[in-house]
Amino acid sequence: MLSLQRVTYHYAGSRAPSLHDVSLELGAGEVLGVVGASEAGKTTLCLVASGLAPRTVGGTLRGQLLLDGTDTVALPMHRLAERIGIVFANPANGLSGVAGTVYEEIAFGPMNLGLPREEVIARTEESLSTLGISGLAERDPSRLSGGQQQLVAIGGLLAMRPAHLVLDEPTAQLDPVGTRLVADALARLAAGGASILLTEHKTDLLAAICTRVIALEGGRVVLAGAAAEVLADPRLADLGVAAPASVRLLSAVREAALPASVLDRVQAALR
Amino acid sequence: MLAVALGGLAGPAVLVGIAVLLPALAGRILGRLLRTSLLLTMPIAISVLVVNLFFYPAGQQILFSVGPIRGTAEGLAFALETLARIGAISGAITLFYLTTTPSELVLDLERRGVSPRIAFVALASVQTVPAMVDRAATITAAQRARGLDTEGSLWRRLRGVLPLAGPVLLGSIAQVEERTMALESRAFTRPGRRTLLWHPPDSTLQRVARWVLVALLPGLFVARASGWL
């Protein structure tokens with residue numbers, strides 16, 4: 001289980017905290033969605049949950065990041081990386097920058113772990129296959145589109161096989177097909193026992209795969225609960241978050257005062 | 001460096017033949033090597049030839065005259081010696097460039113025990129240049145789309161560089177920060193050896209050729225010192 005206990009985080013040189021007294025727990029197989037407007041603290045939450053803040057980013061952290069009940073404060077980043085993986089919103093910066101091919105890029109993490117060569121190959125090929133990007137294996141990662149680069153970055157994360165995944169708007173640059181590939185891959189990982197923290201503006205994606213959702217505003221958790229409840233909460237609009245299409249459709253049908261049978265059929269279709 | 005140390009005309013010429021042209025022939029890149037190497041050296045070769053042929057201070061034996069300017073045999077000999085050295089240097093660099101990708105070089109260095117971090121810095125430095133060129137092109141296009149004039153006179157072009165420099169540099173710094181996080185999150189800082197998936201081919205013939213070249217070095221020096229070359 002990955003948990004944050006009353007975490008308050010300041011970036012270096014900033015007086016106001018970017019996260020304020022945030023607590024959350026993420027169990028095996030759970031997908032926790034995080035929504036919020038820009039500057040709400042979503043990326044900072046990802047950095048803290050992955051252990052990169054304050055280890056690599058700097059700044060000051062109050063509270064604890066726990067893995068299976070153990071404080072991670074003494075763990076070096078390379079040890080943490082075996083247990084928590086992160087994917088960034090900007091795929092170009094999430095790549096190693098030194099791999100000549102997509103295959104080598106995805107293998108980069110397992111190679112760093114010093115795994116046996118056969119294991120590295122098996123993990124790499126599984127990641128390529130899972131994301132449907134085997135056809136890109138021999139391509140130069142720096143010459144791919146943003147969406148393809150993001151799939152490669154996610155592939156690199158999957159090849160590390162961490163128990164906990166942190167994804168910061170992973171589908172921001174993906175087309176609908178790429179988004180569906182990522183959603184399917186995440187759902188499969190969760191079914192396999194991985195716990196996933198996922199920040200997204202695409203609430204339809206969150207509605208499809210999340211078990212719980214929290215909403216951030218000004219670095220604080222302002223809404224939390226089951227995905228269906230939070231994503232249907234009318235306060236989301238005030239937070240600058242668009243509700244999923246299914247929620248908006250139901251709301252429109254209700255407002256139009258259509259016969260109850262129409263509402264029933266719409267609800268049945270959305271299930 | 002060896003070509004410079006050897007001096008003379010024959011020494012660098014023999015060196016080019018053995019260490020550059022023969023491997024290029026074996027690698028079937030002789031044509032590309034000659035073209036690239038000629039293109040690289042042409043401007044400096046012309047200036048070396050013209051300056052030394054006509055203005056060599058110790059030139060006595062006049063070969064021909066063009067008005068008041070005289071070409072001398074001593075100047076021509078010195079120019080040819082210099083050109084042989086330049087040819088050896090550019091030939092070696094071109095051969096290396098045409099036969100070795102940066103990633104292969106780094107992989108082989110790492111296989112031979114060089115720290116992955118040093119290898120990464122070497123490779124990242126090479127890979128960063130095209131990325132910065134791409135970013136500069138994108139920023140220039142965005143700025144031109146908003147009316148910045150970057151074409152025309154030299155002064156206009158220089159003025160166009162200033163608004164480009166800031167975003168390119170700051171963007172590169174920000175990218176380095178995110179890239180660092182990406183590397184950290186993929187266990188790059190883990191101590192110990194990394195697994196290497198493959199290594200560049202290194203056949204027996206290649207290894208023998210390398211050792212033969214190393215063995216020839218003292219011979220070339222002795223030949224030069226004895227005045228045979």
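In the predicted model, chain A comprises 13 helices and ten strands. Its radius of gyration is 19 Å, close to the 18 Å that the globule rule gives for 271 residues, so chain A is as compact as a globular protein of that length. The C-alpha trace of chain A extends over about 65 × 45 × 30 Å along its principal axes. Of the 271 residues in chain A, 48% are buried. Among contacts in chain A between residues at least 6 apart in sequence, those joining residues at least 24 apart account for 64%.

Six strands of chain A form an open sheet with mixed pairing, arranged in the order β6-β7-β8-β3-β9-β10. The edges are occupied by β6 (84-87) and β10 (220-226) of chain A; each has a single partner strand, so one side of each is left without a neighbour in the sheet. On average, and with direction ignored, neighbouring strands of this sheet are turned by 15° against each other.

Within the sheet, strand β3 (residues 31-35) of chain A pairs with strand β9 (residues 212-217) of chain A in the parallel sense, over four bridges. In this region, A:V34 is positioned opposite A:I214 of β9(A).

Helices also contact these strands. Helix α8 (residues 176-191) of chain A packs on the sheet, where it touches β3, β7 and β8 of chain A. The direction of helix α8 makes about 150° with that of β8(A). Helix α1 (residues 42-50) of chain A lies across β3, β6, β7 (164-168), β8 (195-199) and β9 of chain A, and helix α1 runs at about 155° to β7(A).

Terms used
Residues are numbered from 1 along each chain as its sequence is written. Chains are lettered from A and ligands numbered from 1 in the order in which they are written. This is a predicted model: local features need pLDDT of at least 70, side-chain atom pairs count only at pLDDT 80 or more; totals for chains, interfaces and linings use all residues. Two strands pair if DSSP finds at least two bridges between them. Helices (H or I, at least four residues) and strands (E, at least two) are DSSP runs, numbered from the N terminus. Axes are lines fitted to C-alpha atoms, for helices over the stretch in contact, and angles run from 0 to 180 degrees between N-to-C directions. Two residues are in contact if their C-beta atoms, placed from the backbone, lie within 7 Å. The radius of gyration is taken over C-alpha atoms; the globule rule is 2.2 Å times the number of residues to the power 0.38. A residue is buried if 20 or more other C-beta atoms lie within 10 Å of its own, exposed if 12 or fewer, and partly exposed in between; C-beta atoms are placed from the backbone.
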